[in-house]
Amino acid sequence: AQSGTVAADPQQYDQAYLSPVTIGNSQLMLDFDTGSADLWAFSNETPASESVGHAKYDSSTGTELQGYSWSITYGDQSGAAGNVYADKVVVGGVTATKQAVEAATSISTSFSDNTDSDGLLGLAFSSINTVTPKQQTTFFDTVKPTLAKALFTCDLKQGNAGSYTFGYIDTSKYTGSVTYVPVDDSQGFWSFTAGGYSVGSDNATSGSVGVSIADTGTSLLYLPAAVAKAYYAKAGGKFDNQQGGYTLPCNGNAPDFNVAIGGKTFVVPGSYIAYAPITSGSQTCFGGIQANTGIGFNIFGDVFLKAVYAIFDVSQGAPRLGFAAQ
Ligand SMILES: O=C(CNCCc1c[nH]c2ccccc12)Nc1scc(-c2ccccc2)c1C(=O)NCc1ccccc1
């Protein structure tokens with residue numbers, strides 16, 4: 001049975017985390033994304049003007065899936081599209097001999113401009129993979145039958161290298177016990193229900209955060225508008241139309257954000273929520289918590305995930321998420 005681990009290196013401001021992946025004879029840095037289900041990469045089929053500074057997948061090592069194509073658009077209107085190959089993909093020693101690799105023929109500027117990232121490796125459920133005429137499986141779904149345990153874990157860190165594991169839980173990466181919650185995979189996401197919340201030292205959690213997804217591909221923590229408002233009222237922040245979101249002082253006094261999941265309270269340190277100066281050198285920071293307006297559910301992105309050890313587990317049949325303090 002297979003198992004393995006791979007580094008997750010943070011980009012500036014922990015905006016995304018990149019991991020080394022071998023596809024055929026190409027070595028690329030991919031953004032592992034539990035919020036989508038396509039493995040796509042810059043490739044020899046990407047126009048040179050769109051792939052300056054990127055490592056590219058050389059599709060000559062793969063077997064083209066004739067007539068197959070893919071096209072994906074994310075909530076921020078970024079996206080990519082292209083052709084599909086079957087090729088060998090290796091992640092931290094775990095090998096998928098015939099993995100659907102989506103070679104980009106067109107890529108939006110936000111991805112072309114981010115030259116650290118050579119593509120995405122989707123880890124949501126394969127039911128939202130965009131390949132037509134026949135949907136393909138994610139890397140995790142492809143290797144799942146060969147894994148020691150049908151699960152993967154995510155250990156992201158603030159400003160430091162973290163890791164993903166496949167097939168085993170690294171018990172040295174967390175403290176205390178793991179709290180498991182049921183996952184509703186009907187929309188293709190790792191979706192769970194979060195409970196009450198509190199800001200700073202208030203201990204009485206109030207309200208209910210509600211339906212949320214665990215999403216390594218989204219940088220920030222998107223919460224109900226009322227919860228975001230309550231947080232920034234305590235944090236001395238404000239909604240800044242020009243910045244398109246909440247901002248707050250970078251001064252290190254941001255209160256923690258506490259949220260109950262499965263009856264256990266998890267703490268997002270205030271330092272994670274004073275996310276990044278709005279312009280370099282500014283004393284005003286863009287907020288790591290934003291309102292989920294227009295999304296329809298909460299997104300527990302990297303700002304939350306780097307505060308916990310997360311286990312994405314289908315070993316019990318029904319999918320579940322495990323969270324532990326780190
Ligand atoms: O798509 C993913 C995970 N892959 C991200 C890949 C990616 C997309 N630009 C990237 C840029 C860098 C690295 C990875 C990505 N998660 C989900 S679920 C619902 C929404 C959504 C739906 C409607 C409206 C808003 C969000 C998103 C979303 O668009 N997140 C990205 C984002 C969210 C907010 C702001 C910006 C981006």
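Guide: Two strands pair if DSSP finds at least two bridges between them, and that criterion is used below for a model that is predicted.

Visitor: Which residue of β19 stands opposite Ala 260?
Guide: Strand β19 covers residues 264-268, and 5 bridges join this strand to β18. The two strands run antiparallel. Within this pairing, the β19 residue opposite Ala 260 is Thr 265.

Visitor: Which residue takes a positive phi in the hairpin of β18 and β19?
Guide: Strands β18 and β19, antiparallel to each other, form a hairpin with 2 residues between the strands. The residue of this hairpin with a positive phi, near 60°, is Gly 262.

Visitor: Which residue of β18 does Tyr 197 stand opposite?
Guide: Strand β18 also pairs with β13, which spans residues 197-199. That pairing is antiparallel and extends over 3 bridges. Opposite Tyr 197, the residue in β18 is Val 259.

Visitor: How many residues of β18 are buried?
Guide: To count as buried, a residue must have under 20% relative accessible area. On one side of the strand Phe 257, Val 259 and Ile 261 are buried, and on the other side Asn 258 and Ala 260 are buried as well, which leaves both faces covered. For β18, residues 257-261, the count of buried residues is therefore 5 of 5.

Visitor: How far is a nitrogen atom of the ligand from an N or O atom in the side chain of Asp 215?
Guide: Around the ligand there are 19 residues, and those that come nearest are Asp 33, Gly 75, Asp 76, Asp 215 and Thr 218. For Asp 76, an N or O atom of the side chain lies 2.8 Å from a nitrogen atom of the ligand. For Asp 215, the corresponding separation between a side-chain N or O atom and a ligand nitrogen is 2.7 Å.

Visitor: What percentage of the ligand's exposed area does the protein bury?
Guide: The ligand occupies the space of the largest pocket, and a polar side-chain atom of Ser 78 lies 3.3 Å from one of the ligand's nitrogen atoms. Taken alone, the ligand exposes 690 Å², and the share of this area that the protein buries is 79%.

Visitor: Why does Tyr 13 count as buried, partly exposed or exposed?
Guide: Tyr 13 is placed in the loop between β1 (4-10) and β2 (17-23), and its phi is near 60°, a positive value in a residue other than glycine. Buried residues lie under 20% relative accessible area and exposed ones over 50%. Because the relative accessibility of Tyr 13 is 37%, this residue counts as partly exposed.

Visitor: Is Asp 14 buried or exposed?
Guide: Asp 14 is also found in the loop between β1 and β2, and its phi, near 55°, is again positive in a residue other than glycine. Since its relative accessibility is 6%, Asp 14 counts as buried.

Visitor: Where is Pro 133 placed?
Guide: The peptide bond that leads from Thr 132 to Pro 133 is cis, and its omega is near 5°. Strand β8 covers 119-122 and helix α2 covers 139-143, and Pro 133 is in the loop between β8 and α2.

Visitor: How far apart are the C-alpha atoms of Val 303 and Ala 235?
Guide: Val 303 is found in helix α5, residues 302-305, and it counts as buried because its relative accessibility is 0%. Along the chain Val 303 and Ala 235 are 68 residues apart, and their C-alpha atoms are separated by 16 Å.

Key:
Residues are numbered from 1 along each chain as its sequence is written. This is a predicted model: local features need pLDDT of at least 70, side-chain atom pairs count only at pLDDT 80 or more; totals for chains, interfaces and linings use all residues. Side-chain values use heavy atoms; hydrogens and water are left out. Buried means under 20% relative accessible area, exposed over 50%, partly exposed in between (1.4 Å probe, protein chains only). Helices (H or I, at least four residues) and strands (E, at least two) are DSSP runs, numbered from the N terminus. A residue is near a molecule or strand if one of its heavy atoms lies within 4 Å of it. A polar contact is a pair of N or O atoms within 3.5 Å; within protein, one must be able to donate a hydrogen and the other to accept it, and residues adjacent in sequence count only if both atoms are side-chain atoms. Accessible areas come from the Shrake-Rupley method with a 1.4 Å probe; for residues, only the protein chains shown count as cover. On a 1 Å grid over the protein atoms alone, a cavity is a set of points where a 1.4 Å probe fits but cannot get out, and a pocket is an open set with protein on both sides within 12 Å along at least five of seven lines; lining residues have an atom within 4 Å of a point. A molecule sits in a cavity or pocket if more than half of its atoms lie within 2 Å of its grid points.
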